[in-house]
Each structure stands twice: as C-alpha cells, then as structure tokens.
Amino acid sequence: MLSDLDGTHRHPERFSHRFAGQVAQARTALGEEQLPGIRLHDLRHTHATLLLADGVPVTIVSERSGHASATIPLTVYQHVHPGTSHEAADRFAALLEG
C-alpha cells in the first residue's frame with residue numbers, strides 16, 4: 001500500500017477519485033462527445049485487451065494485470081480473438097478432409 005511522506009496510508013480509492021476528476025476536466029475542456037467517460041479500472045482492461053490482441057501470451061498478461069491465474073483473463077478477454085472459433089472450425093474441417 002502506498003503512503004504519504006508522513007507514513008500515513010493512502011486509500012486506493014483516492015487514486016480513482018483523482019483520476020475521475022481529471023477525466024471530467026478533460027471532457028469539459030474537449031467536449032463530452034470528444035472524450036468518452038472512463039474509469040481508472042477501465043485502463044486495466046484496455047491494457048490487457050491490447051496486449052492480448054497483439055499476441056502477448058495470456059500468462060504474461062495475467063501477471064501484469066495481477067490476476068491469480070490465467071483463467072481470469074482467458075474468460076474475461078476471450079472477445080479479443082473473435083475469429084479464433086472460425087479458425088478452429090476451418091482447421092478441424094481440413095483435418096476431416098485429410
């Protein structure tokens with residue numbers, strides 16, 4: 001847990017609130033239609049999604065995201081590879097055709 005210079009602990013929500021305030025300021029300055037609302041936690045999902053889409057192994061993404069096992073990102077981010085099922089079906093068909 002992070003602490004201030006005097007040793008007092010910072011509550012994790014402090015960062016979320018600060019981030020939300022900065023996003024709100026940016027949305028006001030740019031126009032709400034120019035910048036969608038985003039939570040700090042959404043950056044974690046964006047990070048994992050982009051890494052998986054770029055082919056980074058799920059075990060590495062799981063470690064970087066702080067998940068206890070690779071099962072979580074495999075379940076949550078399976079949408080990143082929508083063509084995977086179609087590709088598997090094509091490969092299976094090729095196997096059947098010999």
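Here is a friendly chat about a predicted model.

Colleague: Let's begin with charges. How many salt bridges does the model have?

Modeller: Side chains of opposite charge can pair when their charged atoms come close. The rule asks for a side-chain nitrogen of Lys or Arg within 4 Å of a carboxyl oxygen of Asp or Glu. By this rule, the count for the predicted model is two.

Colleague: How far apart are the closest N and O atoms of D42 and R39?

Modeller: D42 and R39 form a salt bridge. On the arginine side, R39 has a relative accessible area of 51%, and exposed means over 50%, so R39 is exposed. Between D42 and R39, the closest N and O atoms are apart by 2.6 Å.

Colleague: And which residue forms a salt bridge with E32?

Modeller: E32 has 53% relative accessibility, so E32 counts as exposed. Its partner has a relative accessible area of 23% and is partly exposed. The closest N and O atoms of the pair are 4.0 Å apart. That partner is R27.

Colleague: Now the surface. Which residue of the nonpolar patch has its place in the loop between α1 and α2?

Modeller: The patch covers about 380 Å² and is made by L2, F15, I38, L40 and L43. Helix α1 runs over 13-30 and α2 over 40-53. The residue in the loop between them has a relative accessible area of 31%, which makes it partly exposed. It is I38.

Colleague: How far apart are the end C-alpha atoms of α2?

Modeller: Helix α2 has 14 residues, and at 1.5 Å a residue they should span 20 Å, because the expected span uses one less than the number of residues. The distance in the model agrees with this. The end C-alpha atoms of α2 are apart by 21 Å.

Colleague: Which residue just after α2 takes a positive phi?

Modeller: Look just past the end of α2, at 40-53. The phi there is about 95 degrees, and the residue is G55.

Colleague: Let's go inside. Which elements give two or more residues to the largest nonpolar core?

Modeller: The largest nonpolar core has six residues: A48, L52, V58, V61, Y77 and V80. The elements giving two or more of these are α2 and α3 (58-65).

Colleague: Which residues does V80 touch, not counting those up to four places away in sequence?

Modeller: V80 belongs to the largest nonpolar core, and so does L52. Leaving out residues up to four places away in sequence, V80 touches T49, L52 and A53.

Key: Residues are numbered from 1 along each chain as its sequence is written. This is a predicted model: local features need pLDDT of at least 70, side-chain atom pairs count only at pLDDT 80 or more; totals for chains, interfaces and linings use all residues. Side-chain values use heavy atoms; hydrogens and water are left out. Buried means under 20% relative accessible area, exposed over 50%, partly exposed in between (1.4 Å probe, protein chains only). Patches are made of residues with over 30% relative accessible area and no salt bridge: like charges are joined within 9 Å, nonpolar side chains (Val, Leu, Ile, Met, Phe, Trp, Tyr) within 5 Å. Accessible areas come from the Shrake-Rupley method with a 1.4 Å probe; for residues, only the protein chains shown count as cover. Helices (H or I, at least four residues) and strands (E, at least two) are DSSP runs, numbered from the N terminus. A nonpolar core is a set of buried Ala, Val, Leu, Ile, Met, Phe, Trp, Tyr and Cys residues joined through side-chain atoms within 4.5 Å. Contact means heavy atoms within 4.5 Å.
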